[in-house]
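Let's take a walk through a protein model together. Keep the picture handy and follow along as we go.

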Amino acid sequence: MHSFVAAAGRIVPSLRNHVFGDDERVIVHENVARCRATLDWVETAVDTCKVDADDELARLLKDE
């Protein structure tokens with residue numbers, strides 16, 4: 001997790017003047033949604049000890 005946050009801290013500022021095309025934006029948004037779903041799953045597992053992925057999360061992760 002630390003490496004992901006560190007990499008984002010280096011990469012995001014370099015995007016300042018980058019103009020994303022529609023396809024690029026869609027891909028970024030899809031990948032961010034996968035990350036969010038995975039992090040929600042981690043939080044749920046920590047809070048409830050339930051580690052099974054639900055169908056929606058499994059579908060998101062399968063589409064990687």
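What follows is a short tour of a helix, a pocket and a pair of cysteines.

Before we start, keep in mind that this is a predicted model. Let's begin with the helix α2, which runs through residues 22–48. How far apart are its end C-alpha atoms? They are 39 Å apart, and that agrees with the expected span, because 27 residues at 1.5 Å a residue should also cover 39 Å.

Now look at which parts of α2 are tucked away. Its buried residues are Arg 34, Ala 37 and Ala 45. These buried residues pack against another helix, α3, at 55–62.

Next, hunt for the largest pocket, which holds about 300 Å³ of space. Its lining has 13 residues, and the ones nearest the centre are Ile 11, Val 12, Leu 15, Val 28 and Val 32. Two elements give two or more residues each to this lining: α1 (2–11) and α2 (22–48). The largest share, six residues, comes from α2. What kinds of residues line the pocket? The lining splits into 10 nonpolar, one polar and two charged residues.

Finally, let's check on the cysteines. Cys 35 sits at 34% relative accessibility, so it counts as partly exposed, since that value falls between the 20% and 50% cut-offs. Cys 49 has a relative accessible area of 67%, which is over 50%, so Cys 49 is exposed. Cys 49 comes just after α2, and there it takes a positive phi of about 65 degrees. As for disulfides, a search of the whole structure turns up zero.

Terms used. Residues numbered from 1 in each chain as written. Predicted model: local features only at pLDDT ≥ 70, side-chain atom pairs only at ≥ 80, totals over all residues. Heavy atoms only, no water. 1 Å grid on protein atoms, 1.4 Å probe; cavity = no way out; pocket = protein on both sides within 12 Å on 5 of 7 lines; lining within 4 Å. Points joined across faces, edges and corners; volume = space filled by probe spheres on them. Helix = DSSP H or I, 4+ residues; strand = E, 2+ residues; numbered from the N terminus. Nonpolar A, V, L, I, M, F, W, Y, C, P; charged D, E, K, R; others polar. Disulfide = S-S within 2.5 Å. Buried < 20%, exposed > 50% of the residue type's maximum accessible area, 1.4 Å probe, protein only. Expected span 1.5 Å × (residues − 1). Contact = heavy atoms within 4.5 Å.
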